[in-house]
Amino acid sequence: MSARFRPLYFGPPGEQHFGLLHLPVGAARPRLGVVICNPFGYEEICAHRALREFAELLAVHGMAALRFDYAGTGDSEGECADGGLVSAWQRGIRLAVQELRAQVG
């Protein structure tokens, strides 16, 4: 596949999320972007490769895709034991959408 990706951190200090931004190759700016939200736990492990390939396929077809780790998971900041974890994950999704817009318009 002819696509590229760029690792990045986004979000405010203390709430940094790790993501991989998949971009189409070529001079044209992508017209569409997709934020890919992982499942959680064992399902995330099983789906990891398929979601990566999905992001690469989107980029090959001219779309930007952002995969990211929720707060307290992967390489993102936060603690899994936090009481408001679901709301933190929802906030992370909103931050991912804002970041994708900022990166590609």
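A residue counts as buried when its relative accessible area is under 20%. By that cut-off, tryptophan 89 is buried in this predicted model, because its relative accessible area is 15%.

Aromatic contacts were examined next. A pair of aromatic rings is described by the distance of the centres and the angle of the planes. Five aromatic pairs were counted. One of them joins phenylalanine 10 to phenylalanine 68. The ring centres lie 6.1 Å apart, and the planes meet at 70 degrees. This geometry is edge-to-face. The two residues come from distant parts of the chain. Phenylalanine 10 belongs to strand 1 (residues 3-10), and phenylalanine 68 belongs to strand 4 (residues 64-68). They are 58 residues apart. Phenylalanine 10 is buried, with 2% relative accessibility. Phenylalanine 68 is also buried, at 2%.

A further pair consists of phenylalanine 40 and tryptophan 89. Here the centres are 4.9 Å apart, with 40 degrees between the planes. The pair is therefore classed as tilted, since its angle is neither under 30 nor over 60 degrees. Phenylalanine 40 sits in the loop between strand 3 (33-36) and helix 1 (42-60), whereas tryptophan 89 is in helix 2 (residues 85-104). The contact therefore ties together parts that are 49 residues apart in sequence. Phenylalanine 40 is partly exposed, at 47% relative accessibility. Its partner, tryptophan 89, is buried.

The ring pairs extend into a cluster. Its members are Phe10, Phe40, Phe68, Tyr70 and Trp89.

Key: Residues are numbered from 1 along each chain as its sequence is written. This is a predicted model: local features need pLDDT of at least 70, side-chain atom pairs count only at pLDDT 80 or more; totals for chains, interfaces and linings use all residues. Side-chain values use heavy atoms; hydrogens and water are left out. Rings of Phe, Tyr and Trp (its six-membered ring) pair if their centres lie within 6.5 Å; planes under 30 degrees apart count as stacked, over 60 as edge-to-face and the rest as tilted. Helices (H or I, at least four residues) and strands (E, at least two) are DSSP runs, numbered from the N terminus. Buried means under 20% relative accessible area, exposed over 50%, partly exposed in between (1.4 Å probe, protein chains only).
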